Amino acid sequence: MRFNINRKPLLFPFLLLKDSYSMGKILFVLVVICIFFVTFGSAQRIELTVNASKPGATINRNIFGQFAEHLGYGVYEGIWVGPNSKIPNTRGIRNDVVNALKAIKVPNVRYPGGCFADEYHWRKGIGAKRAVTLNPNWGGVIEPNTFGTHEFMDFLDQIGSEAFLSVNVGSGTPQEAAEWLEYLTADEKTDLGKERAINGHSAAYKIPYLGIGNESWDCGGNMSAEYYLSQLKIYSRFVRNYNPAQQQNDRMLRIAVGPGGGEPRFTEWTDTIMKAWQNHTWSWDMEGLSLHNYTVINWEKKHSSINFGETEYAQILKKTLEMESLIDKHAAIMDKYDPQKKIALVVDEWGAWYAPLPGTNSGFLIQQNSQRDAILAALNINIFARRADRVRMANIAQMINVLQAMILTDKEKMVLTPTYYVFKMYVPFQDATFVPVTFDAGTYTHGDITLPRVDAVAARDKNGKLWVEITNVDPNKALEIDLKTVGMTAKSAVGETLTAPKVDSINTFEKPGSVVPKAISAKAQNGKLTLNLEPKSVTVVAIEQ
Ligand code: AHR
């Protein structure tokens, strides 16, 4: 797609008018002209250079991780409908959701919480007879435990993903967590291994990621950093992975609870854990430190996820960009104790947290997902990608029906959100090599808020193909990108772009196709590749040489 609006812009309509004999045709031409100028008339031109000869760190596929907590309809109804449901399912897991998730190549799923994890007792979720308990964190509803360890591992298997298990540090014991891991990973020689086999899975499960507690400074037990550190040492030593295939390669990575903000209590938390790690003895260790950061402006009066305007669009995007300085603040502390970047920063809860949709259970955290969230997702992913050497894992909250979800369901209906499509468009960036991009971002101003107008990242995938993502933050103005490549000659660009008529455009069960990606392409002319990007859009293209 190439519109060169700078040359003879008025000739095009007159040429067409000369050949138009009916009023209808003239009117049609006028409408086309209007659409053309509304969309591209105010386009700004930005030069973007991709330095294909300067590769950087690998963008770990795990930054595209998901989070599924026993919360509202996140697991029950969202994933699990039970084998007797009329909704098509495989062993109780809904097929439509599985198929949608397969397409975004979910690298890992964090489970079972969240706050829920620190009250979860895994034994209640195995075997033929399940305990019926409560979910006091999230609406106080019944927790039937019909979705437990085996169902979660089956779900992962169906979508082709890996487990990131959070063990209960708050109300559990090291023994309980150790036994869960033994149950999952020991071969059949131990009693727990045999029990797993009796319950339907003789082979040891692979558990690549272990979260030791969740928000232990808050819902996970209100611990001080020192108290948590003492727990971390115990859990990291005794919660072992026995899977024979994970003893040399693919060793389980242990992720410690990290900060939940930038305040002094959180910088002190990072400092305490990292300082202790620097001096750790042989008997304990960790491989990752978590960071939680939601995009919320006022926790008491959260923004709405629907029916909002440009002011709320600009406010939320300004807020979300704080992720950058927050990561840098904690990464600087980590650098002090770990200059070799052995410890990954794991942003295992991120995303927009809005007010619950009117009429829904406020404990279920149900919100809609708009084009604003698509832009927000792209901006955050780019922040992670630019820090790929330290940020090696991230989990958006949450996968289905909760907060900034990929998928919304209502009984047999399912709809894919704008955020889902962003994750789909970024699939080529999974495990690709970061490639530097230079551009003058310009500014987008609304009222007293000024934001960078453009964002972009590039990466080379395993097959050598170069991919570029460009976000046009401005909700009103189109963007002309002059794309230059150093180290290769670009002939064309082919990909997809996601935009919508309004900042609050959403997909609904009735109209699931309002915000969906469409094809975009450009051919180089006179050695130049020009991409025309619509307002408030996320675009991913492959550069063909
Ligand atoms: O994602 C919802 C909740 O947010 C999680 O349970 C908790 O860890 C965080 O406070």
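The lining of the second largest pocket in this predicted model comprises six nonpolar, six polar and seven charged residues. This pocket holds about 410 Å³ of space. Among its 19 lining residues, those closest to the pocket centre are H150, M153, D154, H201 and Y205. Two elements, α4 (149–159) and β8 (162–167), each contribute at least two residues to the lining. The greatest contribution to the second largest pocket comes from α4, which provides six residues.

The largest pocket has a volume of about 650 Å³. It is lined by 35 residues, of which G260, H292, N293, Y294 and W299 are the closest to its centre. At least two lining residues come from each of α8 (264–278), β11 (288–295), α9 (310–320) and α10 (322–337). By residue class, the lining of the largest pocket consists of 15 nonpolar, eleven polar and nine charged residues.

The surroundings of the ligand were examined next. The residues around the ligand are F67, E69, G114, C115, W138, N214, E215, Y294, E349, W353, Q398 and L403. For three of these residues, side-chain distances to ligand oxygen are reported here. In the side chain of E215, an N or O atom is 2.8 Å from an oxygen atom of the ligand. The side chain of Y294 places a polar atom 2.7 Å from a ligand oxygen atom. For E349, the distance between an N or O atom of the side chain and an oxygen atom of the ligand is 2.7 Å. Y294 thus appears both among the residues surrounding the ligand and among those closest to the centre of the largest pocket.

C115, which is also listed among the residues around the ligand, takes part in a disulfide with C219, with an S to S distance of 2.2 Å. The disulfide count for the model is one. Distant parts of the chain are linked by this pair, the two cysteines being 104 residues apart. C115 is located in the loop between β5 (108–111) and β6 (133–135), whereas C219 is located in the loop between β9 (209–212) and α7 (225–238). The disulfide is left-handed, because the torsion about the S-S bond of C115 and C219 is about -95 degrees. The two partners fall into separate accessibility classes: C115 has a relative accessible area of 12% and is therefore buried, while C219, at 30% relative accessibility, is partly exposed.

Note on methods
Residues numbered from 1 in each chain as written. Predicted model: local features only at pLDDT ≥ 70, side-chain atom pairs only at ≥ 80, totals over all residues. Heavy atoms only, no water. Disulfide = S-S within 2.5 Å. Helix = DSSP H or I, 4+ residues; strand = E, 2+ residues; numbered from the N terminus. Buried < 20%, exposed > 50% of the residue type's maximum accessible area, 1.4 Å probe, protein only. 1 Å grid on protein atoms, 1.4 Å probe; cavity = no way out; pocket = protein on both sides within 12 Å on 5 of 7 lines; lining within 4 Å. Points joined across faces, edges and corners; volume = space filled by probe spheres on them. Nonpolar A, V, L, I, M, F, W, Y, C, P; charged D, E, K, R; others polar. Near = heavy atom within 4 Å. Polar contact = N/O pair within 3.5 Å; in protein donor to acceptor, adjacent residues only side chain to side chain.
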